[in-house]
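Please look at the chain and report on its helices, strands and pockets. Pick out some single residues too, and say where each one sits.

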Amino acid sequence: MTTQTTPSRSILKRGALLAGAATLGIGLAAGLADGALKLDHPAFAQPIELSGVQPQLPSFADMVEKAKPAVVSVRVKQTIDAADDGQGSLDDLPPGLRRFFEQQAPRGAVPGRPQPRQGMSQGSGFFISQDGYVVTNNHVVDKASEVQLVTDDGKTLNAKVIGTDPRTDLALLKVTEGGSYPFVRLATAKPRIGEWVLAVGNPFGLGGTVTAGIVSAQGRDIGSGPYDDFLQIDAAVNRGNSGGPTFNQKGEVVGVNTAIFSPSGGNVGIAFAIPASTVEQVVAALKKDGKVSRGFIGVQIQPVTPEVAEAIGLKDPHGALVAAAEKEGPAAKAGIKRGDTVLAVDGAKIKDARELSRKIATYAPGSKVKITIWRDGKEREIGFEVGRQPAV
């Protein structure tokens, strides 16, 4: 997670923060959560019957020894726009002071106009291939003018940004010099709630830090975008962990740490990781094209509540209610209109509005699919050509 100049708008709701890296030279910048966490009930000790054999916690030492060398600290130089640097114009200064500041301005700078500034931030990342491809967060390398990686053994490597995907907050880097690098693999299976996991990264600039916990929830929507499907973990994650991996006990990456939920900006045992399945899809696209092309339906959608389901004659509340279809958009061209409820895509049932967005996004633009809608108390099937998601 990076610590850098606080963004103009938060991408997270309900006090969720980007876990930031320690910004060098310009201090720590962190937003506060919208409210404090409160406990409504005191905790009471519960009696435990001991059978004489106490359970032993697992040791992660062997797994860490193998996986940790693939994790890197990411150091980024950033060009920060200074449209309003808080200094104002020189026009309101006395002539003597104005001439002084004009003489101090860098060569080529326009007197009185704020100039871009250089910032430094840190995050985490990990090698996913022997030839030097590295995964991290988009917000770690956003506006990067220079990227360096510091390996577990202290070696510094220059890297370039291959591509970024702001919608999932992922980025792909590549080491600029040749070599053979230790790497880790993405897990093919989704972790179960309650499974042990380890977060490895660069919190507060303290590289090579390992923390343990469990998967405490799945499918979290924290309001950062239309494709939210985060793993929630309780391993300690702090500023600087952004872009670092969460491992299962096999040493496979089950997620990429990207955000924390905290009233103070520090770890409170709730962190969010991008699932490995999402990482795999996005990284493949970034490696191939440097960007992600997603399917697009072109509608404004809202949930189907029990009241809405009763009003339109659905037996149970599911699907996505079309509030509006964009003019000349893919849905409008296919005949989908306001008031329709999307129930399925290619026969796969749509649970809610968020699932529809994620489902359509998995199709390549131009794909032909069948959309099942509910209209006038009946199911109808409509042929649909997937559009292209507008660029961020």
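Ser357 counts as partly exposed, because its relative accessibility is 24% and the partly exposed class runs between 20% and 50%. This is a predicted model. Ser357 has its place in helix α7. Leaving out residues up to four places away in sequence, Ser357 touches Pro226, Tyr227 and Ile301. Ser357 can also be paired with Gly298, 59 residues apart along the chain. Their C-alpha atoms are separated by 10.0 Å.

**Helix α7**

Helix α7 spans residues 353-361. Which residues of α7 are buried? They are Ala353, Leu356, Ile360 and Ala361. These four lie on the same side of α7, because they cover an arc of only 130 degrees around the axis. A general rule helps here. An α-helix has 3.6 residues a turn, so residues three or four places apart point the same way.

What covers the buried residues of α7? The cover includes several strands. Among them are β14 (295-296), β15 (299-303) and β16 (320-325). Strands β17 (341-345), β19 (368-375) and β20 (378-385) are also included.

**Gly298, a buried loop residue**

Gly298 has its place in the loop between β14 and β15. Is Gly298 buried or exposed? Gly298 counts as buried, because its relative accessibility is 0% and buried means under 20%. Not counting residues up to four places away in sequence, Gly298 touches Ala325, Glu326, Pro330 and Ala331. Lys327 is 29 residues from Gly298 along the chain. The C-alpha atoms of Gly298 and Lys327 are separated by 8.5 Å.

**Two residues in strands**

Asn158 is found in strand β6, which covers residues 156-165. Asn158 is partly exposed, with a relative accessible area of 38%. Setting aside neighbours within four places in sequence, Asn158 is in contact with Val147, Gln148, Lys174, Val175, Thr176 and Glu177.

Lys368 is found in strand β19. Lys368 counts as exposed, because its relative accessibility is 64% and exposed means over 50%. Not counting residues up to four places away in sequence, Lys368 touches Phe384 and Glu385.

The table sets out the C-alpha pairs.

| Pair | Distance in sequence | C-alpha to C-alpha |
|---|---|---|
| Ser357 and Gly298 | 59 residues | 10.0 Å |
| Gly298 and Lys327 | 29 residues | 8.5 Å |
| Asn158 and Leu173 | 15 residues | 10.0 Å |
| Lys368 and Gly383 | 15 residues | 7.2 Å |

**Two aspartates with positive phi**

Asp346 lies in the loop between β17 and β18 (348-349). Phi of Asp346 is near 50 degrees, a positive value in a residue other than glycine. Asp346 counts as partly exposed, at 41% relative accessibility.

Asp376 is found in the loop between β19 and β20. Phi of Asp376 is near 55 degrees, which is also positive in a residue other than glycine. Is Asp376 buried or exposed? Asp376 counts as exposed, at 66% relative accessibility.

**The second largest pocket**

Rolling a probe the size of a water molecule over the atoms shows where empty space is left. The second largest pocket holds about 580 Å³ of space. Its lining is made of 22 residues. The closest to the centre are Gln281, Arg294, Arg358, Ala361 and Thr362. Ala361 is also one of the buried residues of α7.

Which helix gives the most to this lining? Helix α4 does, with six residues. Both α4 (276-289) and α7 supply at least two residues of the lining. How do the lining residues divide by type? Eight are nonpolar, six are polar and eight are charged.

**The whole chain**

Now step back to the chain as a whole. The chain has seven helices and 21 strands. Buried residues make up 43% of its 392 residues. The accessible surface of the chain comes to about 21,200 Å². Carbon and sulfur atoms account for 50% of that surface.

Contacts can also be sorted by separation in sequence. Take the contacts in the chain with a separation of 6 or more. Residues 24 or more positions apart account for 65% of them.

Definitions and conventions
Residues numbered from 1 in each chain as written. Predicted model: local features only at pLDDT ≥ 70, side-chain atom pairs only at ≥ 80, totals over all residues. Heavy atoms only, no water. 1 Å grid on protein atoms, 1.4 Å probe; cavity = no way out; pocket = protein on both sides within 12 Å on 5 of 7 lines; lining within 4 Å. Points joined across faces, edges and corners; volume = space filled by probe spheres on them. Nonpolar A, V, L, I, M, F, W, Y, C, P; charged D, E, K, R; others polar. Buried < 20%, exposed > 50% of the residue type's maximum accessible area, 1.4 Å probe, protein only. Contact = heavy atoms within 4.5 Å. Areas by Shrake-Rupley, 256 points an atom, 1.4 Å probe, with all protein chains shown as cover. Arc of directions from axis to C-beta.
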